[in-house]
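Student: Hey, I've got a structure here that I've never seen before. Can you walk me through it?
Tutor: Sure, let's have a look together.

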There are 2 protein chains.
Amino acid sequence: MLASIEAGGTKFVCAVGDHQFNIIDRTSFPTTCPEETMAKIIGFFDACEDIQAMGIGSFGPIGINHQAPNYGYITSTPKTKWRNYNFLGEMKKHYQCPIGWTTDVNAACLGEYHLGSATDKNSCLYLTVGTGVGGGAIFNGRFLEGFGHAEMGHILLRNHSKDPFQGSCPYHGNCLEGLASGPAIEKRCGVKAEELDKNHPIWEMIGYYLAQALVNYTLILRPEKIVLGGGVMSQSKVLEFVKKEFSLMLADYVEIPAVDEYIVLPSLGNNAGITGGLILAHQLI
Amino acid sequence: MLASIEAGGTKFVCAVGDHQFNIIDRTSFPTTCPEETMAKIIGFFDACEDIQAMGIGSFGPIGINHQAPNYGYITSTPKTKWRNYNFLGEMKKHYQCPIGWTTDVNAACLGEYHLGSATDKNSCLYLTVGTGVGGGAIFNGRFLEGFGHAEMGHILLRNHSKDPFQGSCPYHGNCLEGLASGPAIEKRCGVKAEELDKNHPIWEMIGYYLAQALVNYTLILRPEKIVLGGGVMSQSKVLEFVKKEFSLMLADYVEIPAVDEYIVLPSLGNNAGITGGLILAHQLI
Ligand SMILES: Nc1ncnc2c1ncn2[C@@H]1O[C@H](COP(=O)(O)OP(=O)(O)O)[C@@H](O)[C@H]1O
Ligand SMILES: Nc1ncnc2c1ncn2[C@@H]1O[C@H](COP(=O)(O)OP(=O)(O)O)[C@@H](O)[C@H]1O
Ligand SMILES: [Zn+2]
Ligand SMILES: [Zn+2]
């Protein structure tokens with residue numbers, strides 16, 4: 001059996017699956033403090049038989065450099081209880097099997113890369129647009145990471161000509177996350193993003209910002225596929241606006257696949273991350 | 001012997017070197033039309049003995065996808081004589097040895113990665129700031145490329161609050177190249193960039209734009225080293241402004257190496273590209 005953890009800032013999902021990545025059992029609980037959360041994780045997996053390997057995709061920032069003392073840690077997160085928490089180390093105290101460790105968005109990217117919408121591609125970018133905005137990428141089967149993992153939700157953008165909003169990111173104000181995340185939408189409109197009408201003008205603006213970011217990702221990375229996940233993408237019109245604005249802004253400057261093939265929703269839906277964790281686990285055995 | 005071509009939009013450099021990448025002989029001539037240029041290339045290499053492999057780093061855009069019909073071509077360049085020119089195909093008609101093919105900036109990146117300022121790193125980004133702005137990156141020994149090669153000189157930026165310039169890029173106006181290339185500086189100031197005083201206020205602005213781009217590259221790629229080459233970087237104060245503005249804008253949001261180690265000039269100087277071509281050739285034998 002393979003084990004997978006999707007460690008999100010809002011909720012945790014734990015699952016076990018077989019070697020064909022079928023999810024056999026799963027559970028989910030809100031992210032509270034590490035002690036409580038860890039007890040639930042252990043409670044779930046201890047009831048599962050014969051776990052051969054685990055894969056964890058975690059909210060971050062996290063330490064991914066094997067040589068660094070903070071490898072396996074959740075590091076400078078605004079969630080103070082989780083700051084500098086040795087998550088992987090704690091898991092290793094309880095489980096002797098190999099444990100893979102990456103970001104939540106890298107795990108989702110891995111799921112889509114191997115079993116989702118990018119199965120036939122050599123490269124894929126996954127972007128989540130939810131409480132935060134974050135991205136992960138795989139090129140030739142490997143996560144794109146260097147000195148640390150990507151933080152592509154915080155790139156600097158130009159404001160839309162009709163948007164006076166100064167942004168909600170505590171670090172950068174009007175970075176992508178500060179302009180297009182769920183909380184940024186809520187701050188502008190005064191109601192939760194999911195309560196806004198699908199014809200509200202904000203969705204065109206969100207499309208504009210995501211498109212601008214996608215143009216920059218495209219020029220820098222040239223991925224073969226871009227998968228957009230997260231709560232905000234559930235809004236039925238956002239994807240169309242993103243594709244429209246993207247095509248206008250890119251203006252055929254570089255060749256890309258047909259835009260309907262290039263910018264897509266996760267074909268694994270909400271299972272992208274947890275499936276990616278199973279794949280990560282499988283790579284270790 | 002190894003052969004190398006640095007095919008630039010302004011000039012071509014051809015060289016031969018030994019297996020330790022010492023340059024044994026070289027020549028250089030202006031980029032005119034393909035027929036004339038090709039004759040000079042062949043004239044130079046035909047006089048060299050025993051060429052085992054060649055590496056070409058070319059101005060672009062170029063076709064790099066082995067499966068595509070335009071592999072080996074210079075494609076949609078504004079230099080009309082070179083548009084859709086089968087450069088690699090023409091070379092292969094004359095030389096039977098293996099020939100490596102990549103962008104000029106990838107070749108320079110390869111030089112710096114193996115023999116220059118990034119020798120001890122697993123990842124490196126090379127950006128040239130000259131007539132154009134272009135970048136190439138290597139992660140774990142491989143060029144970063146997907147559906148095509150990067151065009152990171154054309155990312156969209158925010159204008160500096162004191163800069164009313166609308167940019168010189170014929171495609172995007174005020175993209176990075178449109179704001180910070182040599183011709184963009186010349187268009188703003190009315191004289192060639194190299195003739196401007198080192199205390200001219202433009203250099204702080206150029207530093208601001210390059211820094212903004214470097215922040216975005218850093219958040220998306222997390223390279224371990226960024227090497228800045230090209231004519232504009234010869235201006236003695238630009239690098240200091242870039243590093244200063246970069247540190248201000250990044251605001252410690254992600255961990256990077258010490259900035260003086262992270263953002264550097266090419267330690268191979270003008271030989272980065274031609275040396276990269278020799279390395280590319282060597283990888284084929
Ligand atoms: N249908 C919807 N339309 C627009 N926004 C939504 C929708 N559903 C959820 N959201 C927003 O997405 C965010 C939650 O994102 P989600 O990806 O579900 O979780 P998280 O990012 O916390 O893992 C919230 O800010 C919420 O307001
Ligand atoms: N010392 C200098 N200071 C500022 N700009 C310079 C300097 N030297 C050259 N340039 C500018 O750099 C550009 C040429 O860039 P270069 O990298 O030498 O060649 P290319 O990009 O054509 O391969 C020109 O626009 C020139 O004005
Ligand atoms: Zn931010
Ligand atoms: Zn441009």
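Student: What geometry does the site of the zinc ion (ligand 4) have?
Tutor: That site is tetrahedral, with angles of 101 to 121° among its 4 donor atoms. Four donors count as tetrahedral if all angles lie between 85 and 135 degrees.

Student: Okay, and what should I know before reading on?
Tutor: This is a predicted model, where local features need pLDDT of at least 70 and side-chain atom pairs count only at pLDDT 80 or more, while totals for chains, interfaces and linings use all residues. Residues are numbered from 1 along each chain as its sequence is written, chains are lettered from A and ligands numbered from 1 in the order in which they are written, and side-chain values use heavy atoms, with hydrogens and water left out.

Student: Back to the zinc ion (ligand 4): which residues are its protein donors?
Tutor: They are B:H154 (ND1), B:C169 (SG), B:H172 (ND1) and B:C175 (SG), at 2.1 to 2.4 Å from the ion. A donor here is an N, O or S atom within 2.8 Å of the metal (3.2 Å for Na, K and Ca); water is not among the atoms, so sites may look incomplete. Along the chain, the donors are spaced H-x14-C-x2-H-x2-C.

Student: Is B:C169 buried or exposed?
Tutor: B:C169 counts as buried because its relative accessibility is 6%. Buried means under 20% relative accessible area, exposed means over 50%, and partly exposed is in between (1.4 Å probe, protein chains only). B:H172 is buried too, at 16%.

Student: What about the zinc ion (ligand 3), which residues hold the donors there?
Tutor: There the protein donors are A:H154 (ND1), A:C169 (SG), A:H172 (ND1) and A:C175 (SG), lying 2.1 to 2.4 Å from the ion. The site is tetrahedral, with angles of 99 to 122°, and both A:C169 and A:C175 are buried.

Student: Switching topic: how many residues does each chain put into the contact?
Tutor: Chain A gives 39 residues and chain B gives 39 residues, where contact means heavy atoms within 4.5 Å. About 3,500 Å² is buried between the chains, and carbon and sulfur atoms give 61% of that. Buried area is the accessible area (1.4 Å probe) that two parts lose on being put together, summed over both.

Student: Which three residues of chain A supply the most?
Tutor: A:F147, A:I220 and A:Y253, with 23% of the area that chain A buries against chain B. Among helices and strands (DSSP runs numbered from the N terminus; helices are H or I with at least four residues, strands E with at least two), helix α6 (residues 202-221) gives the most to that side of chain A, with 7 residues.

Student: How many salt bridges are there between the chains?
Tutor: The count is 0, a salt bridge being a side-chain nitrogen of Lys or Arg within 4 Å of a carboxyl oxygen of Asp or Glu.

Student: Anything odd in the backbone?
Tutor: Most residues other than glycine have a negative phi, and most peptide bonds are trans. The bond from B:G60 to B:P61 is cis, with omega near 0°, and a cis bond also joins A:G60 and A:P61. B:P61 sits in the loop between β4 (53-58) and α2 (87-94) of chain B.

Student: And where is B:N84?
Tutor: B:N84 lies in the loop between β4 and α2 of chain B. Its phi is positive, near 55°, and B:N84 is exposed, with a relative accessible area of 54%.

Technical notes: Four donors count as tetrahedral if all angles lie between 85 and 135 degrees; four count as square planar and six as octahedral if opposite donors are over 155 degrees apart and all others between 65 and 115; anything else is irregular.
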